[in-house]
Amino acid sequence: MGYLNGKIALVTGGGRGIGRAISLALATEGATVAINYRRDKESAQETADAIAAMGGVATVHQGSNDIPEDNVAMVNEIVAMHGGIDIAVLNGGIASRGRAVVDTEAEEVWNLVATHALGPHQLCRAFLPSMRARGGGHVVFISSVATTGMSAFGAPYNMAKAAMEALALTLAKEERPHQIRVNIVAPGLVETDMGVRLARAITGRREMDDLRSMDNDAPFGRVCQPEDVAQAVMYFCAPQASYITGQRIQVDGGGSTMRVGQ
């Protein structure tokens, strides 16, 4: 096993895309992975089965991150099943519709901010007592390069991820006395289902379904993969990062030339 042997890791949205890659990477280093899903139980179970096939342990847990009661119930279930939580990766999210502010309805803004910031706030409130009781841990928020560029036609997403980062940086200061390290991983365009939707908005090519067609325009000649993001998460959870908290790694190949609104 690896350096996370004996640790319990919660990954929200852990069954698909970036979340799946993170779940698999954590399991590879020996963590028992609690995979959260909102609707897609099948993908969550497939990821858990893949972890079991490689000799690891994983369980699946339903819950909508924007519903406080779901967060509390999920954490209680994980703690009862595994004894606690040592690592939490807040990855679950949704995309905005790519509209100008003047054309964006209030419901979309509320949903995005609730999913990416308000819900994670309450989720942290639910699992932090367990993490403190176990002597410390790691919290990693999956944000986005959107907070760097603040591109046009993405206000709900930009606002939501900015609020998420504010939460993470505040939490890093509050939880340092409890030996809990809190950091941020901010990917650029990643080859996932959500990435395809974003690429369609960027390029205007509504028929696009293969992001590898954008490799020539991407840094290092390829679009970012979920595993690239997972490795940044693993760094923050590794012993080598024991003196690092309140930091943000941008995983975008050094800066993409692709921007919404240009």
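Which helix does Glu165 lie in? I looked this up before anything else and found Glu165 in helix 6, residues 155-175, where helices are DSSP runs of H or I with at least four residues, strands are runs of E with at least two, and both are numbered from the N terminus.

**Ground rules.** I am working from a predicted model, in which local features need pLDDT of at least 70 and side-chain atom pairs count only at pLDDT 80 or more, while totals for chains, interfaces and linings use all residues. Residues are numbered from 1 along each chain as its sequence is written, and side-chain values use heavy atoms, with hydrogens and water left out.

**Confidence.** I noted a mean pLDDT of 90 for the chain, with 87% of its residues at 70 or more; pLDDT is the predictor's confidence in each residue, from 0 to 100. Over residues 257-262 the pLDDT is below 50, and I recorded 14 contacts for this stretch in the model beyond near neighbours in sequence, a contact being heavy atoms within 4.5 Å.

**Whole chain.** I listed eight helices and seven strands. Of the 262 residues in the chain, 50% are buried, where buried means under 20% relative accessible area, exposed over 50%, and partly exposed in between, with a 1.4 Å probe and protein chains only. Among contacts with a separation of 6 or more, 70% join residues 24 or more positions apart. The chain exposes about 12,200 Å², of which carbon and sulfur atoms supply 51%; the areas come from the Shrake-Rupley method with a 1.4 Å probe, and for residues only the protein chains shown count as cover.

**Glu165 and Ile184.** I went back to Glu165 and found a relative accessible area of 11%, so this residue counts as buried. Leaving out residues up to four places away in sequence, Glu165 touches Ser143, Ser144, Thr147, Ile184 and Arg248. I then followed the contact to Ile184, which is found in strand 6, residues 180-187, and which is buried at 1% relative accessibility. With the same residues left out, the partners of Ile184 include Phe141, Ala168, Leu169, Phe236 and Ile249. I also checked Ile184 against Val89, and the C-alpha atoms are 9.6 Å apart in space although the residues are 95 apart in sequence.

**Helix 8.** What does helix 8 pack against? Its buried residues pack against helix 1 (17-28), strand 4 (87-90), strand 5 (137-142), strand 6 and strand 7 (248-251). I counted Pro226, Val229, Ala230, Ala232, Val233, Met234, Phe236 and Cys237 as the buried residues of helix 8. An α-helix has 3.6 residues a turn, so residues three or four places apart point the same way. Helix 8 has twelve residues, 226-237, and reaches 17 Å from its first C-alpha to its last, close to the 16 Å expected at 1.5 Å a residue, that expected span being 1.5 Å times one less than the number of residues.

**Cysteines.** I found Cys237 buried at 3% relative accessibility and Cys224 buried at 12%. A disulfide is a pair of cysteine sulfur atoms within 2.5 Å, and the count by this rule is zero.

**Positive phi.** I flagged Phe153, a residue other than glycine with a positive phi near 65°, in the loop between helix 5 (146-149) and helix 6; Phe153 is partly exposed at 41% relative accessibility. Gln179 also has a positive phi near 65°, sits in the loop between helix 6 and strand 6, and is partly exposed at 43%.
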